[in-house]
Amino acid sequence: MTRVVLSIGSNLGDRLARLQSVVDALGEAVVAVSPVYETEPWGGVEQGPFLNAVLIADDPDCDEQGWLRRAQALERAADRVREQRWGPRTLDVDLITCHQGGPDGRVEVTSDDEVLTLPHPRAHQRAFVLVPWLDIDPEAHLTVTGQGGPDKPTKRPIEMLLAELDPAERDGVRPTGLALKPALNPRPAH
């Protein structure tokens, strides 16, 4: 079984519908869905605010490369155009972490190639990832490179990583009261 944490965001068009399209496409693979937050854009490019959420999904037939292909297919279906780094987008689907194995023996997948870096190398700096993730998995940890010394990966609770961010960054992740609707029969959380 492969479990992933996905961060999803949109700041163009019907933002909520774009996020819902991911939940709908993943269907019964979705284990947990965070509340929806509105956040200011990250990266210094002038643009409108994002709606963001985090999903946890399981699929026994999908490895990390398969999840990447699914994420990219979802972005293409939403007419995502990659013209400007950190620019506006109809849909952004980022793989944050990926674990393989059963519920009692999950092993974190690491990848550091040109196509996919896991765990996501900047997730620990992004309140718009950590805040909603904490909502659905308060015990979650993220492996961060360089936090335990030069290039040494360290597994840290996301609650601690969030506490270390600038308060303005944390406060910029605003609850909306909006919710994404998971499939009627999601797989049970393990």
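Visitor: What covers the buried residues of helix 2?

Guide: Happy to start there, bearing in mind that this is a predicted model. Helix 2 covers residues 64-77, and its buried residues include Trp 67, Leu 68 and Leu 74. The cover over the buried residues includes strand 1, helix 1 (15-26), strand 4 (50-59), strand 5 and strand 8 (117-118).

Visitor: Which residue caps the N-terminal end of helix 2?

Guide: Look at the backbone nitrogen of Gln 65, where a side-chain oxygen lies 3.2 Å away. The residue that supplies this oxygen, and so caps the helix under the 3.5 Å limit for a polar contact, is Asp 63.

Visitor: How far does helix 2 reach from its first C-alpha to its last?

Guide: Helix 2 has 14 residues, and a rise of 1.5 Å a residue gives its expected span. The model comes close to that expected value, with a reach of 20 Å.

Visitor: Do the buried residues of helix 1 line one face or opposite faces of the helix?

Guide: The buried residues of helix 1 are Leu 19, Gln 20, Val 22, Val 23 and Leu 26. Seen down the helix axis, they fall within an arc of 145°, so what they line is one face.

Visitor: Which residue takes a positive phi just after helix 1?

Guide: Helix 1 has 12 residues, and its end C-alpha atoms are 18 Å apart, which agrees with the 16 Å it should span. Just after the helix, phi turns positive at about 50°, and the residue there is Gly 27.

Visitor: Is strand 5 largely enclosed or largely open?

Guide: Strand 5 takes in residues 92-100, and buried here means under 20% relative accessible area. Eight of its nine residues are buried, so the rest of the structure leaves the strand largely enclosed.

Visitor: In what sense do strand 1 and strand 5 pair?

Guide: Strand 1 runs over residues 2-10, and eight bridges join it to strand 5. As one example of facing residues, Ile 8 stands opposite Val 93. The sense of the pairing is antiparallel.

Visitor: Which residue in strand 6 is the bridge partner of His 99?

Guide: Strand 6 (residues 107-108) pairs with strand 5 in the antiparallel sense over two bridges. In strand 6, the partner of His 99 is Glu 108.

Visitor: What share of the residues in the protein chain is buried?

Guide: The protein chain holds five helices and 11 strands. Its accessible surface is about 9600 Å², with 49% belonging to carbon and sulfur atoms. Of the 190 residues, the buried share is 46%.

Technical notes:
Residues are numbered from 1 along each chain as its sequence is written. This is a predicted model: local features need pLDDT of at least 70, side-chain atom pairs count only at pLDDT 80 or more; totals for chains, interfaces and linings use all residues. Side-chain values use heavy atoms; hydrogens and water are left out. Buried means under 20% relative accessible area, exposed over 50%, partly exposed in between (1.4 Å probe, protein chains only). Helices (H or I, at least four residues) and strands (E, at least two) are DSSP runs, numbered from the N terminus. Two strands pair if DSSP finds at least two bridges between them. The expected span of a helix is 1.5 Å times one less than its number of residues. Contact means heavy atoms within 4.5 Å. A polar contact is a pair of N or O atoms within 3.5 Å; within protein, one must be able to donate a hydrogen and the other to accept it, and residues adjacent in sequence count only if both atoms are side-chain atoms. Accessible areas come from the Shrake-Rupley method with a 1.4 Å probe; for residues, only the protein chains shown count as cover. The arc is that of the directions from the helix axis to the C-beta atoms.
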